[in-house]
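Please look over the predicted model shown here, and follow how its helices are placed against its strands.

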Amino acid sequence: MRFDVSSTALLSRLQSISKVIASKNSLPILDSFLFDLDGNKLTITASDAETRLVTSVEVMNSKGTGLFAVSAKILLDPLKELPEQPLTFDINDENLEIFIHFQNGKYNFIGQKGDTYPLQKPLNDNAIAIIVDSQMLLNGISRSLFATADDELRPVMNGIYFDIHTDDLTFVASDGHKLVRLRNLSVKSPERASFILPKKPANLLKNLLGKETEMVNIKFDDNNAYVNCANFEMVCRLIEGRYPNYNSVIPQENPFKVTIDRISFLNALQRV
């Protein structure tokens with residue numbers, strides 16, 4: 001296999017999905033990126049067995065197709081030191097020896113077979129799909145993530161609860177002391193549904209969605225969720241269980257109300 005790719009484009013894609021790779025993995029190959037070359041499209045995957053991020057980059061002058069895996073550390077560290085320039089990847093299909101040629105040198109290492117990389121299970125036939133605006137999703141995650149818990153006894157509290165109604169989407173997070181509820185009326189769903197997004201995928205989405213401007217497709221069943229954007233796809237395992245009735249702890253007819261200027265209130269809090 002052989003292809004040319006921009007160093008900056010490749011590095012930005014690798015850095016965006018590298019955060020999913022855990023420091024200690026049960027399978028050694030999960031320390032690596034999976035590359036899939038098909039024509040002029042190079043698909044890159046990173047995973048920690050629970051969460052999977054997939055992105056792609058356009059390449060030029062490609063020859064051959066196939067799968068190969070490269071250690072994330074081996075590839076990321078030298079790419080960070082290279083200025084913008086075209087890189088030529090030359091992969092020996094027999095022993096997976098990889099040469100990366102750049103302007104004033106080359107980099108040589110051994111890759112791994114890509115067919116041993118874990119496959120992602122497909123969604124069930126009863127999967128539900130919704131379409132949301134990327135910035136609305138980012139806002140909901142950013143404003144509720146801080147309230148999630150770290151409770152081993154109640155794992156359902158360790159994520160963001162997406163409560164989907166036919167006329168709105170509600171983000172809920174609570175650690176038992178504070179509770180956040182954000183209701184958005186712009187999202188419509190053909191049926192009532194819900195899922196609990198774990199904290200790590202939520203943090204990954206928070207970092208990735210800042211560069212997105214288009215709509216986001218979310219498909220989910222009882223176990224997994226697929227989040228599709230223009231530049232990446234995330235697949236994650238959901239938290240199983242029943243989320244507590246959050247509406248029951250929110251006072252409905254509280255007689256005490258106050259309206260206050262947000263900036264003045266924030267400044268006063270920071271002063272004290």
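The report below goes through one helix, then the sheet, then the helices that pack on strands.

Helix H1 covers residues 7-18, and its 12 residues should span 16 Å at 1.5 Å a residue, which agrees with end C-alpha atoms that are 16 Å apart. Buried in H1 are Ser7, Leu10, Leu11, Leu14, Ile17 and Ser18. Seen down the axis of H1, these buried residues fall within an arc of 145 degrees, so they line one face of the helix. An α-helix has 3.6 residues a turn, so residues three or four places apart point the same way. The cover over the buried residues of H1 includes strands S1, S2, S3, S4 and S7 together with helix H2.

The open sheet is formed by 9 strands with antiparallel pairing, and their order is S10-S6-S2-S3-S4-S18-S17-S16-S11. At its edges are S10 (112-113) and S11 (128-133), each of which pairs on one side only. Within this sheet, S2 and S6 (residues 66-71) run antiparallel and are joined by 6 bridges, and Ser32 has Ser71 in S6 as its bridge partner.

Two further helices can be set side by side, each with the strands it meets and an angle to one of them.

| Helix | Strands met | Angle |
|---|---|---|
| H2 | lies across S2 and S6 | about 75 degrees to S6 |
| H4 (residues 199-208) | touches S4, S17 and S18 | about 165 degrees with S18 |

H4 packs on the sheet, while H2, which lies across S2 and S6, is also among the elements that cover the buried residues of H1.

Note on methods
Residues are numbered from 1 along each chain as its sequence is written. This is a predicted model: local features need pLDDT of at least 70, side-chain atom pairs count only at pLDDT 80 or more; totals for chains, interfaces and linings use all residues. Side-chain values use heavy atoms; hydrogens and water are left out. Helices (H or I, at least four residues) and strands (E, at least two) are DSSP runs, numbered from the N terminus. The expected span of a helix is 1.5 Å times one less than its number of residues. Buried means under 20% relative accessible area, exposed over 50%, partly exposed in between (1.4 Å probe, protein chains only). The arc is that of the directions from the helix axis to the C-beta atoms. Contact means heavy atoms within 4.5 Å. Two strands pair if DSSP finds at least two bridges between them. Axes are lines fitted to C-alpha atoms, for helices over the stretch in contact, and angles run from 0 to 180 degrees between N-to-C directions.
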